Amino acid sequence: MSDTNICSTCHAMLQPEWYFCPHCGKPSKEQIPNISFFKQMLIYFVSFFLAPLGLMWGIKFVKYNDQKVRIVGIIAIILTVLSFILMAIKFKGFMDQYRGVINNIQSVNSIQKLLQ
Ligand SMILES: [Zn+2]
């Protein structure tokens, strides 16, 4: 059979669908994850909305030799970074608002003191 692989470590015959050599336990080939459109969407969604969780896929995927898989990983990492930037901007906005409220309370207090 032409599609039979040979283990690079112990030269045992391997079935093409085997990911590990049953003789020595070495991975017989790189396992390219099958990333469907919906899986991609899920990865991008998680990367953006559940920020650090997407990095798990991102870091894993950029290590693959397969270009398509690597691009998905890079996009996941970019989305994670974007999400962090947006969170930082939102947090800053919240802090500014909070400071504004504190300032208002202080001015109300000082006006009340003036009126006493
Ligand atoms: Zn082997």
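Ile111 sits out in the open: this residue of the predicted model has 10 other C-beta atoms within 10 Å and is exposed. It belongs to helix H3. A look back along the chain to Gln40 gives a feel for the layout. Ile111 and Gln40 are 71 residues apart along the chain, and their C-alpha atoms are separated by 57 Å. Met87 is another residue of helix H3, and it too counts as exposed, because it has just 11 C-beta neighbours inside 10 Å, where 12 or fewer is the mark of an exposed residue. Its C-alpha atom is 9.5 Å from that of Ala51, and the two residues are 36 places apart along the chain.

Now for the overall build. The protein has 3 helices and 2 strands, and from the N terminus on they come in the order β-β-α-α-α. The radius of gyration is 27 Å, whereas the globule rule gives 13 Å for 116 residues, so the protein is more spread out than a compact globule. A box drawn along the principal axes to hold the C-alpha atoms comes to roughly 95 × 25 × 15 Å. Of the 116 residues, 13% are buried. As for contacts between residues at least 6 apart in sequence, 34% of them join residues at least 24 apart.

The chain is also split by its domain assignment, which gives domain 1 as residues 1–31 and domain 2 as residues 32–111. Between the C-alpha centres of domain 1 and domain 2 there is a distance of 39 Å.

The N-terminal part comes next. In an unreviewed entry, UniProt puts a domain feature called "Zinc-ribbon" at residues 7–27. In the model, this stretch is 0% helix and 10% strand, and its end C-alpha atoms are 8 Å apart. His11 falls in the loop that runs between strand E1 (5–6) and strand E2 (13–14). The backbone does something worth a glance here: His11 is not a glycine, yet it has a positive phi of about 60 degrees. With 11 C-beta neighbours inside 10 Å, His11 counts as exposed.

Further along, the same kind of record offers two more spans. The unreviewed UniProt entry has "transmembrane region" covering residues 41–59 and 71–89. How much of residues 41–59 is helix? The figure is 89%, with 0% strand, and the C-alpha atoms at the two ends lie 17 Å apart. Residues 71–89 are 100% helix and 0% strand, with 27 Å between the end C-alpha atoms.

Which residues make up the largest nonpolar core? There are 7 of them in all: Ile43, Trp57, Phe61, Val69, Val72, Ala76 and Leu79. Helix H2 (52–61) and helix H3 (67–115) are the elements that give two or more residues to this core. H3 gives the most, with 4 residues.

Helix H2 has its own pattern of burial, with Gly54, Trp57, Gly58 and Phe61 buried. Seen down the helix axis, these buried residues fall within an arc of 100 degrees, so they line one face of H2. A general point about helices helps here. An α-helix has 3.6 residues a turn, so residues three or four places apart point the same way. What do the buried residues of H2 pack against? Their partners are helix H1 (37–49) and H3.

Trp57 is a good residue to zoom in on, being part of helix H2 and also a member of the largest nonpolar core. Is it buried or exposed? Trp57 counts as buried because it has 24 C-beta neighbours inside 10 Å, and 20 or more is what burial takes. Setting aside residues up to four places away in sequence, Trp57 touches Ile43, Gly73 and Ala76. Take Ala76 from that list: it is 19 residues from Trp57 in sequence, and the C-alpha atoms of the pair are 7.3 Å apart in space. Ile43 and Ala76 are also among the residues of the largest nonpolar core.

Note on methods
Residues numbered from 1 in each chain as written. Predicted model: local features only at pLDDT ≥ 70, side-chain atom pairs only at ≥ 80, totals over all residues. UniProt positions renumbered as here; feature names shortened; annotations may be inferred. Core = buried A, V, L, I, M, F, W, Y, C linked by C-beta atoms within 7 Å. Contact = placed C-beta atoms within 7 Å. Arc of directions from axis to C-beta. Domains from an automatic or database assignment. Rg over C-alpha atoms; globule rule 2.2 N^0.38 Å.
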